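Open the model in your viewer and keep the selection panel at hand. The tour goes from element to element, with a stop at each.

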Amino acid sequence: MVRSRIPFALPGMRIGLFGGSFDPPHSGHLHVSLEALKRCRLDRVWWLVSPCNPLKQDAPAPISERLAAARRCALHPRLMVSDLELELGTGFTSETLNALKSMYPGVRFVWIMGADNLVGFHLWNDWRWILENFPVAIVSRPNQRLRAAGSVAARSYRRFRLAPEDAGILALSETPCWSLLEGPTLEISSSGIRNRTLGGIARYA
């Protein structure tokens, strides 16, 4: 497998980080990325395709297949697909983000996730450290807005929440800070795609 090069970024750039298994990648991932790109006034969004997900029991498809599929899905000049976590050898998002802080001094990173992930965010390794060191943009997912707003993480950090109309300054704001970006959603998920395929095997072709 040919690995991705380490992404390029200059100090002062606003980079959105969108991590996950992407098993498989789909138009919902693209929607979340483009919403964050526009509303948070980001220069780029990096898709960080994880070798594995510590919170999922089933092993994902080979990362080479998921990377190739992600590149076919992320057809936008300001989106970049990377296997950076594989390069770094990190197993948790907090470890990856900590490494990026050292690798890219002066870059304004924003962690991006769908509202469905905020519901269980308190189960992530060092989740409080993530919120206290990185601005977080949460993009609405179907039927998840109320659950996300009532999640452990949202309630714990409710006084640090920015209004959606202020998301454009998220990357420049002092942490902790986060915003729930409401708007049109797409009714699609990776697990749904896998469950609809024959024998639960996702098609990457």
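Helices here are DSSP runs of H or I with at least four residues, numbered from the N terminus. By that rule, T93 belongs to helix 4. Bear in mind that this is a predicted model.

**Whole chain**

Show everything as cartoon. The protein chain has nine helices and seven strands. Of its 205 residues, 49% count as buried. The exposed area is about 10,100 Å², and carbon and sulfur atoms supply 51% of that. Now look at contacts between residues at least 6 apart in sequence: 77% of them join residues at least 24 apart.

**The sheet**

Select the strands. They form an open sheet of seven, in the order 3-2-1-4-5-7-6, with parallel pairing. Strand 3 (79-82) and strand 6 (161-162) stand at the edges; each has a single partner strand, so one side of each lacks a neighbour in the sheet.

Zoom in on strands 1 and 2. They run parallel and are joined by six bridges. Pick G19: its bridge partner in strand 2 is L48. Then pick G20, which stands opposite V49 in strand 2. Color strand 2 by burial: five of its six residues are buried.

**Helices on the sheet**

Add helix 1, residues 27-39. Helix 1 packs on the sheet and touches strands 1, 2, 3 and 4, along with strand 5 (136-139) and strand 7 (178-181). Its direction makes about 145° with that of strand 2.

Next comes helix 2, residues 63-73. Helix 2 also packs on the sheet, where it touches strand 2 and strand 3. The angle between its direction and that of strand 2 is about 155°. Show side chains for I63, R66, L67, A69, A70 and C73, the buried residues of helix 2. Their cover includes helix 1, strand 2, strand 3 and helix 3.

**Helix 4**

Select residues 93-103. Which residues of helix 4 are buried? They are T93, S94, T96, L97 and L100. Look down the helix axis: these residues fall within an arc of 160°, so they line one face of the helix. In general, an α-helix has 3.6 residues a turn, so residues three or four places apart point the same way.

What does that face meet? The buried residues of helix 4 pack against strand 1 (14-20), strand 2 (44-49), helix 3 (84-88), strand 4 (108-114) and helix 6 (127-133).

Center on T93. Is T93 buried or exposed? It has a relative accessible area of 18%; the cut-off for buried is under 20%, so T93 is buried. Leaving out residues up to four places away in sequence, T93 touches E85, W111, W124 and I130. Draw a C-alpha to C-alpha distance from T93 to G19: it reads 7.9 Å, although the two are 74 residues apart in sequence.

**The cores**

Nonpolar side chains in soluble globular proteins tend to be buried together. Select L17, W46, F109, L118, F121 and W178. In the largest nonpolar core, of 31 residues, these touch the most other members.

Stay on W46. Beyond its neighbours within four places in sequence, W46 is in contact with P7, F8, A9, I15, G16, L17, F18, M80, Y104 and F109. A second, separate core has 27 residues, including F18, L42, A171 and C177. End the tour with F18: this residue of the second core is also among the contacts of W46.

How values were computed:
Residues are numbered from 1 along each chain as its sequence is written. This is a predicted model: local features need pLDDT of at least 70, side-chain atom pairs count only at pLDDT 80 or more; totals for chains, interfaces and linings use all residues. Side-chain values use heavy atoms; hydrogens and water are left out. A nonpolar core is a set of buried Ala, Val, Leu, Ile, Met, Phe, Trp, Tyr and Cys residues joined through side-chain atoms within 4.5 Å. Buried means under 20% relative accessible area, exposed over 50%, partly exposed in between (1.4 Å probe, protein chains only). Contact means heavy atoms within 4.5 Å. Helices (H or I, at least four residues) and strands (E, at least two) are DSSP runs, numbered from the N terminus. Accessible areas come from the Shrake-Rupley method with a 1.4 Å probe; for residues, only the protein chains shown count as cover. The arc is that of the directions from the helix axis to the C-beta atoms. Two strands pair if DSSP finds at least two bridges between them. Axes are lines fitted to C-alpha atoms, for helices over the stretch in contact, and angles run from 0 to 180 degrees between N-to-C directions.
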